[in-house]
Amino acid sequence: MGITEGLLALLGKDVCQDERGMASRLHFFGSIPSQDERAANESANPVHTVTLSPKVVALVSINGGVGRSTLATALSSGLQRQGESVVALDLDPQNALQHHFGVSSALPGIGRTSLEHGQWSQLQQLSFAGCQVITFGEVDIPQQESLERWLKHEPHWLAQHLASLDLSARHTVIIDTPAGNNVYFHQALSVADVVLVIVQADAACLGTLDHLDGLLAPHLEAQHPPRVRVVINQVDERSAFSLDMVEAFTQRLGKAALQVHRDIAINEALAFGVDPLDSVEKGLAADDINDICRLLKAPKTSA
Ligand SMILES: Nc1ncnc2c1ncn2[C@@H]1O[C@H](COP(=O)(O)OP(=O)(O)OP(=O)(O)O)[C@@H](O)[C@H]1O
Ligand SMILES: [Mg+2]
């Protein structure tokens, strides 16, 4: 048994010996959650369908540190360079996009502004390639907890704030979310046209796809369900293991995932607060990011 089959067997996905089982469970990620799992998710996370003018792209993952914020930054810059009007929105209390985009911490972000019933329109800051950034801003733990309690009971919170920005169909909103199952994930999913599931080429990420299936299931049953694409980040062409893991993802998903190569210039861009696309201009990672941007530019119905 090769490493790919071995990993899938370990995760209960022995596709070579159970092609019928695999085919029957193929959905977005190669399996459909059980009825019980779906029922549990539906009651926990009721789906509310909201239609917005701009295209909304949500970056999500179960695992932390896989590159959501980095890719949110690079894709915002890439899309803006390709002629789109981009608003990058940090929906993660970690407030990392402020550092990725090198914007000021003097303005409050959406956390405090929302708690004070303020408008988001004053929060946009100009950044890489001319895109706009809205930070989460600094909040203390009691503020974060009360915001999260509120969001649990206000499923339209994000949709209403995005609508107040008065964005047109020429705009793309790129949303960064915290890792795992949380109120921000579900708010983002309630408005997303495209969901990019960010993973790394490792067994830890491969093992989370069932969990993700369960979290996404109620949103995929909405009237206008988002399209879901998996992006394997930090692929290392020189590592046989990395390439084997990419193959394992392909088998698990039933189709090839999008890929972004590892590039040390991306680490350096974050450290120096510069546009990652300036740093990786001629590398494989730049080509990957530009390819994903071209995909994201497709009309909402076919992105
Ligand atoms: N393609 C890449 N090549 C090289 N380094 C990368 C790449 N993508 C991300 N990184 C690096 O990986 C680290 C983690 O990235 P990032 O903070 O974007 O992850 P995250 O998923 O947003 O993490 P968190 O769960 O903490 O929010 C950073 O140091 C970043 O520079
Ligand atoms: Mg992050």
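These are my notebook entries on the strands, the packed helices and the ligand shell of a predicted model.

**Entry 1, the chain as a whole.** I began with the secondary structure, and for the protein chain I find 15 helices and eight strands. Of the 303 residues in the protein chain, 46% are buried. I then looked up how far apart in sequence the contacting residues lie: among contacts between residues at least 6 apart, 79% join residues at least 24 apart.

**Entry 2, the sheet.** I next traced the strand order, and I read an open sheet of eight strands running β3-β4-β2-β5-β1-β6-β7-β8, in which the pairing is mixed. The edge strands are β3 (125-126) and β8 (258-261), each of which pairs on one side only.

**Entry 3, strand β2 and its neighbours.** I asked myself how many of the six residues of β2 are buried. For this strand, residues 85-90, I count five of the six as buried, and I note β2 as mostly covered. On one side I followed β2 to β5 (residues 171-176), to which it is joined by six bridges, the two strands running parallel; within this pairing, Ala 88 has Ile 174 of β5 as its bridge partner. I also followed β2 to β4 (residues 132-134), where three bridges join the strands, again in a parallel arrangement, and here Val 87 is partnered by Gln 132 of β4.

**Entry 4, from β5 to β1.** Moving along the sheet, I see that β1 (residues 55-60) pairs with β5 over five bridges in the parallel sense, and I note Asp 176 of β5 as the bridge partner of Leu 59.

**Entry 5, helices on the sheet.** I then looked up which strands helix α4 (residues 68-81) touches as it packs on the sheet, and they are β1, β2, β5, β6 (194-200), β7 (227-235) and β8. The direction of α4 makes about 170 degrees with that of β5. Helix α15 (residues 284-296) packs on the sheet as well, touching β1, β5, β6, β7 and β8, and its direction makes about 150 degrees with that of β8.

**Entry 6, the surroundings of ligand 1.** Which residues come nearest to ligand 1? Among the 20 residues around the ligand, they are Gly 64, Gly 67, Arg 68, Ser 69 and Thr 70. I checked which elements give two or more residues to this shell, and these are α4, β7 and α13 (264-272); α4 and β7 had already come up in my entry on the packed helices, where α4 touches β7. Sorted by class, the shell around ligand 1 comprises seven nonpolar, nine polar and four charged residues.

Methods: Residues are numbered from 1 along each chain as its sequence is written. Chains are lettered from A and ligands numbered from 1 in the order in which they are written. This is a predicted model: local features need pLDDT of at least 70, side-chain atom pairs count only at pLDDT 80 or more; totals for chains, interfaces and linings use all residues. A residue is buried if 20 or more other C-beta atoms lie within 10 Å of its own, exposed if 12 or fewer, and partly exposed in between; C-beta atoms are placed from the backbone. Two strands pair if DSSP finds at least two bridges between them. Two residues are in contact if their C-beta atoms, placed from the backbone, lie within 7 Å. Axes are lines fitted to C-alpha atoms, for helices over the stretch in contact, and angles run from 0 to 180 degrees between N-to-C directions. A residue is near a molecule or strand if its C-beta atom, placed from the backbone, lies within 6 Å of it. Ala, Val, Leu, Ile, Met, Phe, Trp, Tyr, Cys and Pro count as nonpolar, Asp, Glu, Lys and Arg as charged, and the others, Gly among them, as polar.
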